[in-house]
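User: I'd like to learn how to read the contact between two chains and the way strands form a sheet. Could you walk me through it?

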There are 2 protein chains.
Amino acid sequence: MGYSTVFGLACGQTNLSMGEFGLIQQFFRDACQKANALDHPLALGIGDDAAILAPVPEGHQIVMTTDTLVEGRHYWADVDPQSLGHKVLAVSLSDLAAMGAKPWAFTLSVALRSVQTEWLAAFMRGMSALADRYRIDLVGGDTVGLAAQVSSAESFSVTALGLVPQGRALRRDGLQPGDRIWVSGDLGDGQWAVRHSLRARKLLWPEPRLDLGLALQEVAHAAIDVSDGLSSELSHMVVASRGRSQIPLWVEVSLPALSGCLGGLLRSAIAVGQIQPQEACRDAAGSGDEYELVFSASDQATPAIQAISARLGLPLTPIGWVRQPMTHGPDTDWPTKSASVPAVQNECLVWHDREGRRVSQDQAPARGFDHFAVTR
Amino acid sequence: MGYSTVFGLACGQTNLSMGEFGLIQQFFRDACQKANALDHPLALGIGDDAAILAPVPEGHQIVMTTDTLVEGRHYWADVDPQSLGHKVLAVSLSDLAAMGAKPWAFTLSVALRSVQTEWLAAFMRGMSALADRYRIDLVGGDTVGLAAQVSSAESFSVTALGLVPQGRALRRDGLQPGDRIWVSGDLGDGQWAVRHSLRARKLLWPEPRLDLGLALQEVAHAAIDVSDGLSSELSHMVVASRGRSQIPLWVEVSLPALSGCLGGLLRSAIAVGQIQPQEACRDAAGSGDEYELVFSASDQATPAIQAISARLGLPLTPIGWVRQPMTHGPDTDWPTKSASVPAVQNECLVWHDREGRRVSQDQAPARGFDHFAVTR
């Protein structure tokens, strides 16, 4: 309520004890750095009705994103608290990365049944380490005690602000016919880890691709991060880009191309015969909680993208093309041999097999996947 | 997660149905205006990984605040949804008011067990009406389905951004010895309404004092909004101001002065003999959920403050003074006859009765009050 950004002074509004609130206050204040949005004489962090941020650097705009993680829904109750602290912030940083933005400031709201000192300290260590690494300031938050709602799930909500040079934000609606589609890092281990109850790095410690997002400002036409799954994200890009460009475009993706960006767990599963390669590629296309970036760029930008990949030490894999109906231009402009069109009008994606043939509907990757809903 | 600001496309990550998400998307998009932070060719609202805000007007800073309201904790399950939509945004706007900021942009996160169309439509009507009135843009959000956590409390979280001219934000730590303390509107009906189960306007439809906050930029030294209760808020101001000024100051408040700003419910209760006047004043000092502003200004600013009160048609009541120990200056500088000091070192508040005598500890107002925790 009015106690925003005053973690420790809000005990009148909650049913956590004064001592418990003192602890939370301590943890949050200790985690509060002054690296960026608070690094200014006119700025003010935790401790007032609202934080006062440094003036926005000249020629920049703010991007704003919010994400809530709920116990039993986005993480399990027995999660490593340090990894949870990391992940709660990482999912918002991944959104900033997808916009090509530089992290600037964030707030944190927590709803807790009780305060476990060691658990909370570990949570904040995980969050602070990531915040420090990307120089984003915790500027305030809110704390709610759930003691009267003992059966309520705990939850953590982050709202993050990032900075982009004016007019340079990466949007998802910028696909252009003839663009090549790329994906960063690797895909598939998120889903595999949940299915096999593995405490995988990908799931617990997702790495927001912030350096990549910044580098792509210059070369990419469109970008999105993979939270729901590659297949879903590509569909989101197509729908948004059709709306903006008024071109009935679609994306043609090579399913086998995904074998070039499978996660380590999936690759070893293939090696020991636990899964067939094509099935692994389908898994990768439907796997959420990946936090890789998918982006499009003109074919001419390929050398620049390869240079970015080399500089960052991050694999960037070309997996498809943005297509448009023949009536919109000569087919010869398209740098691919298989100029197939969607089977169903308005379909966003066409999947191709190794021979350039259309993958049938029942063999194509599913759109999106909710790990936690399915497994628990 | 990565689906921030894309309400309708997030169904892969939840256990609400696609149709339910479509509805939520519709409600949020319909509520999305382009009055302020989105009123620019370079801006982008709901529909991408993050919102892109208009460039910050030259010479301005951003203030940022976040608040979460939880069912059974901050509101009752049978609340009028339209008033809840209003209140969820109003508590954040009240924080902006206390900073002297102009509303600019906000995000909304919701965690729902299920989607009740009419309920949600009414909620958004309440929220939109307030957003429209103060020209603040809903720029994005997040939606979580709690179907798998059927016993979880629903919750609503708002993060709001406001604009202030550089260096002009009103802080709570600016109390100066000799300042007069003022309070806006009236106090006490929040607590009275909860205690007597009355659906009072004050509790359901709090009015953020945004116009007052803007007007006070020029004249006030410090400000805070009353969410926990006047007594708590004054203590917060004293603690923060001591920290900033290194002066061991305190606030002297006249308990009977509060009779000049009692809420209508309390005044009529006095009239019919339900409560004694002094008891009503104590209630008013401890009543939370009021969303009035408390502020301090030099005595010379009194005519300017009276002019603001007249212009806004909003009562502003002087209730006390900021004091400091004699050793810090001549007593004659203090515009009050009763120069008493706190009985206990570090005490923040000294309450006086009609005769200027110190109110004994057991007769002084309590610090803070949690309506919902006490009554349910």
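Analyst: Let's take the interface and then a sheet. This is a predicted model, where local features need pLDDT of at least 70 and side-chain atom pairs count only at pLDDT 80 or more, while totals for chains, interfaces and linings use all residues. Residues are numbered from 1 along each chain as its sequence is written, chains are lettered from A and ligands numbered from 1 in the order in which they are written, and side-chain values use heavy atoms, leaving out hydrogens and water.

User: How many residues does each chain bring to the contact?

Analyst: Contact means heavy atoms within 4.5 Å. Here chain A gives 75 residues, and chain B gives 75 residues.

User: And what area is buried between chain A and chain B?

Analyst: The size of an interface is often given as the accessible area lost when the parts come together. It's computed with a 1.4 Å probe and summed over both parts. For chain A and chain B that comes to about 6200 Å², with 53% from carbon and sulfur atoms.

User: How many salt bridges cross the interface of chain A and chain B?

Analyst: Look for a side-chain nitrogen of Lys or Arg within 4 Å of a carboxyl oxygen of Asp or Glu. The rule finds four across this interface. One of them joins D49(A) to R172(B), with the closest N and O atoms 3.3 Å apart.

User: Which element supplies the largest share of chain A's side?

Analyst: Helices (H or I, at least four residues) and strands (E, at least two) are DSSP runs, numbered from the N terminus. Several elements of chain A each supply at least two residues to the side touching chain B, including α2 (81–98) and β3 (102–112). The largest share, 10 residues, belongs to β2(A).

User: How do β1(A) and β2 of chain B pair?

Analyst: Strands of a sheet pair through backbone hydrogen bonds, either parallel or antiparallel. The rule asks for at least two DSSP bridges between two strands. β1(A) and β2 (residues 60–70) of chain B are antiparallel, over two bridges. There, I52(A) sits opposite V63(B).

User: What is the strand order in the open sheet of chain B?

Analyst: Its six strands run β7-β9-β6-β10-β8-β11, with mixed pairing. β7 (222–225) and β11 (349–352) of chain B are the edges, each pairing on one side only. Inside that order, β6 (residues 180–184) and β10 (residues 316–323) of chain B pair antiparallel over five bridges, and I181(B) has G320(B) as its bridge partner.

How values were computed:
Buried area = accessible area lost by both parts, 1.4 Å probe.
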